[in-house]
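The exercises below concern salt bridges, burial, one helix and two pockets. Each task is followed by a solution in steps.

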Amino acid sequence: VALLVDVVRPDVRVITNVGPAHLDVAGSVAGVARQKAPMFATAQAGDVCVGSTDDAAVAAMVRPAGVRREDVGASSRFRLLSVAPVDDLAVHARWATPEGEVEARLSTPAPHMAQNATFALAVAHVCGVSMAAAVQALERFRPMAGRLRPLRTHDGVRVIDDAFNANPVSMASALRVLGSLPGPRRAVLGDMLALGREEAAHHEALLALAKRVGLEQLIVVGEAFGRAARSSDSVCCVPSPDRAVEALRSELRPGDVVLVKGSHAVGLGAVIAALVPESQR
């Protein structure tokens, strides 16, 4: 981060949160915070730093004198007031802003994306965009491939394509989204990489969460999840995405909803390609 901000020298800098990612390099969540801190610490007078007041690690980060501060959080000018599902493909959210309350329909099944949108509204505001124009842009938002993108197959199966990457926080969020949706629920989960010494604990915790969510079928791909699930009869452990497709197709029925999520190197994009024709992606 320090190198990137030195190269780019951004005028508007945003830190949404600090969580357990890249632990093989950072060592701990505190180490992640230290790695992210230069985003704010190197800001120049006149720059804008947008951070979360709800995340203690972000709130504690130093912002130099002369830097404009814009916060997002429960006690800030920009805050999420409510979020509720519209259907299994969208949520409706309402926010407080300096221009009054605004609302929008977001094309995502994930309530936590409404919190991310709060940061987008704050950035729009500091860049001189009206909140009316900003919420219109939010309503045009469509998730990118691999980023909690809802899809439908020709035979009525709903697929949540979150195959681009994974860490413990994002995978837990995705599982909770899956648990909130109607219909038989299935998941294909790939190993979360770069977790260092905490790898085993995080994979075990995610399997426990998946059990609490209540799934018709859980398929895991990779050695870390395989080790975590070795004593469980309810988890299908497979060595590759192709084998995951085989296991899934043997059980899949119209009306099912399938979450596909894992670190990019696991290659779960192949599962999406097998389930959803290119014309429907």
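**Exercise 1. Find the closest N and O atoms in the salt bridge between R77 and E70, and classify both residues by accessibility.**

Solution. Step 1: a salt bridge is a side-chain nitrogen of Lys or Arg within 4 Å of a carboxyl oxygen of Asp or Glu. R77 and E70 form such a bridge, and their closest N and O atoms are 2.8 Å apart.

Step 2: residues are numbered from 1 along each chain as its sequence is written. The model is predicted, so local features need pLDDT of at least 70 and side-chain atom pairs count only at pLDDT 80 or more, while totals for chains, interfaces and linings use all residues; side-chain values use heavy atoms, with hydrogens and water left out.

Step 3: buried means under 20% relative accessible area, exposed over 50%, and partly exposed in between (1.4 Å probe, protein chains only). R77 has 43% relative accessibility and so counts as partly exposed. E70, at 4%, counts as buried.

**Exercise 2. State how many salt bridges the rule gives, and describe the pairs R13 with D47 and R105 with D87.**

Solution. Step 1: the count comes to 14 salt bridges.

Step 2: the side chains of R13 and D47 meet at 3.6 Å, N to O. R13 belongs to strand β1 (residues 12-15) and D47 to the loop between α4 (38-41) and β2 (48-52), so that this pair links distant parts of the chain, 34 residues apart. Helices (H or I, at least four residues) and strands (E, at least two) are DSSP runs, numbered from the N terminus. R13 is buried, with a relative accessible area of 3%, and D47 is buried at 7%.

Step 3: the side chains of R105 and D87 also form a salt bridge, at 3.6 Å, N to O. Because R105 lies in strand β6 (residues 100-106) and D87 in strand β4, the pair ties together parts that are 18 residues apart in sequence. R105 is partly exposed, at 35% relative accessible area, and D87 is partly exposed, at 36%.

Step 4: a network of salt bridges links R63, R69 and D71.

**Exercise 3. Determine whether S76 is buried or exposed, and list its contacts outside its sequence neighbours.**

Solution. Step 1: S76 sits in the loop between β3 (68-72) and β4 (79-87).

Step 2: its relative accessibility is 8%, so S76 counts as buried.

Step 3: contact means heavy atoms within 4.5 Å. With neighbours within four places in sequence left aside, S76 is in contact with T53 and D71.

**Exercise 4. Do the same for V5.**

Solution. Step 1: V5 is part of helix α1 (residues 2-8).

Step 2: V5 is buried, at 7% relative accessibility.

Step 3: apart from neighbours within four places in sequence, V5 contacts P10, R13, P38, M39 and T42.

**Exercise 5. Explain which residues of helix α11 are buried and where they lie around the axis.**

Solution. Step 1: in α11 (residues 241-249) the buried residues are P241, A244, V245, A247 and L248.

Step 2: these residues cover an arc of only 165° around the axis, which puts them on the same side of α11. The arc is that of the directions from the helix axis to the C-beta atoms.

Step 3: D242 and E246, on the other side of α11, are exposed.

Step 4: the cover over the buried residues includes β9 (185-190), β10 (217-221), β11 (235-238), β12 (257-261) and α12 (269-275).

**Exercise 6. Give the volume of the largest pocket and the composition of its lining, then those of the second largest.**

Solution. Step 1: on a 1 Å grid over the protein atoms alone, a pocket is an open set of points where a 1.4 Å probe fits, with protein on both sides within 12 Å along at least five of seven lines; lining residues have an atom within 4 Å of a point. Grid points are joined across faces, edges and corners, and a volume is the space filled by probe spheres set on the points.

Step 2: the largest pocket has a volume of about 1500 Å³. It is lined by 45 residues, and T16, N17, R147, N167 and S170 are the closest to its centre. Helix α6 (112-126) gives the most to this lining, with seven residues.

Step 3: the lining of the largest pocket has 23 nonpolar, 16 polar and six charged residues. Ala, Val, Leu, Ile, Met, Phe, Trp, Tyr, Cys and Pro count as nonpolar, Asp, Glu, Lys and Arg as charged, and the others, Gly among them, as polar.

Step 4: the second largest pocket holds about 240 Å³ of space. Of its 15 lining residues, K211, L218, S232, S234 and V235 lie nearest its centre. The lining of the second largest pocket divides into eight nonpolar, five polar and two charged residues.
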